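Reader: I'd like a close look at a single part of this one. Pick the bit you'd start with, and tell me how it ties in with whatever surrounds it.

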Amino acid sequence: MHPMMGRETRALLAGQSCEPPTLTSGVVIRSIGILGTGAYLPPTEISNEEIAGRAGVTDEWIVRKTGIRSRRRADPGQATSDLAAAAAVRALEQAGVGPEELAYIVVATSTPDHPQPSTASIVQHRLGAVNAAAFDLNAVCSGFVYALTVAQRMLCAEPGERYGLVIGADIYSRILDHSDRRTAILFGDGAGAVVLGPAPEDRGIFATSLLTRGDQHELIGVPAGGSRTPTTARTLDEGLQYFRMDGRRVREFVQDNLPGAVGDLLAGAGLDPREVRHVVAHQANAVMLREIWPSLGLPGADFHLALESYGNTGAASVPVTLDLVHRDGAFADGEVVLLTGFGGGMSVGSALTRWLPTRHARPARNPAYAAAPVRSR
């Protein structure tokens, strides 16, 4: 539906970022595409009414300010790796790829199971992906697109048919101060995943762009619990273990940086903005996204929103929305899809892909996760 600039660090990989298979200095460069998608949303649904009172707001206020009506919450016994593994199973099933075929597993999260080991290593064990190198990546809500870029670039140079699994997963309900209306009303828990692998030369991911504005890193974060401010009785008393966000300045960051980042990506790829057919953005706030949408200058694109029922799921929001839209049959063969995320750091990540039909569009649901189906938007 139709409804950024100081000192910065930027990586722009534009144009055909993975050329058709060629041999350059002994390294094979090939096109890499999305072969399957998957998502997992915990079965417990939390309505606005259930959180409004503690946050000092109303259901009507939350809907008017964010467009969110409900969100999912992980069960007490669930960790981020559990959600990530469930989404991964669905993506692997759809791609027709076995866990043992994976070369890499990259989990984008800012709410890992533990400070160490990596959540990805636990997911690798859960899946039985014995041949995969596994690691975490933290770019907060931009994390999935960052992880997608890293995995795609690694697979570009891999010989033979090699596959990667990219997961965005977060359980923000564990790090929220539920009396803080700036954050408590926004976030839900979930995980989304994609399988990457060899694609025809005229399909797949063909341009990515990563932008970091570290001079604004203080806009989003969890103040205590790391080496700068270790957890103590004092930090717990002051609530420094909770997620904090300067909402107004974050909105300004997105308004100032997202349109330019998308414009630069399209220009670097030599792509007419009218060729973009779909936009799957980080599901931060529907009101903000609808305000920013016209400034992206993409007249032929459908802008997909799924946060009304799921809220902001952090690094999971782009792949969760991608899976929901894909399973609704929205993407046609060869259509250009723009994926874009923005979040703490501050950071923006975007990727362009020419859609490649998945091998198994309607896979059988894994019985281990049949109790929590992914519902349509």
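Author: Let's start with a pair of residues: Y104 stands opposite A133, which belongs to β8. Keep in mind that the model is a predicted one. On the other side of that pairing is strand β7, residues 102–108, which runs parallel to β8 and shares five bridges with it. If you want another handle on the register, take V106, whose bridge partner in β8 is F135. To get from β7 to β8, the chain travels through helix α4 (residues 119–127), and the resulting β-α-β crossover is right-handed.

There's a detail to check on the way. P117 sits in the loop between β7 and α4, and the peptide bond leading into P117 from Q116 is cis, with omega near 5°.

Now zoom out a little. β7 and β8 are part of an open sheet of five strands with mixed pairing, and the order reads β4-β10-β9-β7-β8. β8 is therefore, by the pairing criterion, an edge strand, as is β4 (32–40), since each of them pairs on one side only. On average, neighbouring strands in this sheet are turned by 20° against each other, if you ignore direction. Packed on the sheet is helix α5, residues 143–156, which touches β4, β7, β8, β9 (163–171) and β10 (189–198). The direction of α5 makes about 165° with that of β9.

Between β8 and α5 there's a loop, and V140 lies in it. Have a look at the backbone there: V140 has a positive phi of about 55°, although this residue is not a glycine.

For a computational chemist, the pockets are probably the next stop. β8 (133–137) supplies at least two residues to the lining of the largest pocket, and so do β12 (220–221) and β13 (244–245). That pocket has a volume of about 1,200 Å³. It is lined by 44 residues, and the closest to its centre are S110, N138, I175, V222 and A224. In terms of chemistry, the lining splits into 18 nonpolar, 18 polar and eight charged residues.

The second largest pocket comes in at about 670 Å³. Its lining has 31 residues, with L186, M245, G247, R251 and N285 nearest the centre. Elements giving two or more residues to it are α2 (59–66), α6 (181–184), α8 (247–269), α9 (286–292) and β16 (336–343). Of these, α8 provides the largest share, with six residues. Sorted by class, this lining has 17 nonpolar, seven polar and seven charged residues.

One last backbone oddity, if you follow β16 onwards. M346 is in the loop between β16 and β17 (347–354), and it is joined to G345 by a cis peptide bond with omega about -15°.

How values were computed. Residues numbered from 1 in each chain as written. Predicted model: local features only at pLDDT ≥ 70, side-chain atom pairs only at ≥ 80, totals over all residues. Heavy atoms only, no water. 1 Å grid on protein atoms, 1.4 Å probe; cavity = no way out; pocket = protein on both sides within 12 Å on 5 of 7 lines; lining within 4 Å. Points joined across faces, edges and corners; volume = space filled by probe spheres on them. Helix = DSSP H or I, 4+ residues; strand = E, 2+ residues; numbered from the N terminus. Nonpolar A, V, L, I, M, F, W, Y, C, P; charged D, E, K, R; others polar. Pairing = 2+ DSSP bridges. Right-handed = clockwise from strand over helix to strand, strands pointing away. Axes fitted to C-alpha atoms, helices over the stretch in contact; angles between N-to-C directions. Contact = heavy atoms within 4.5 Å.
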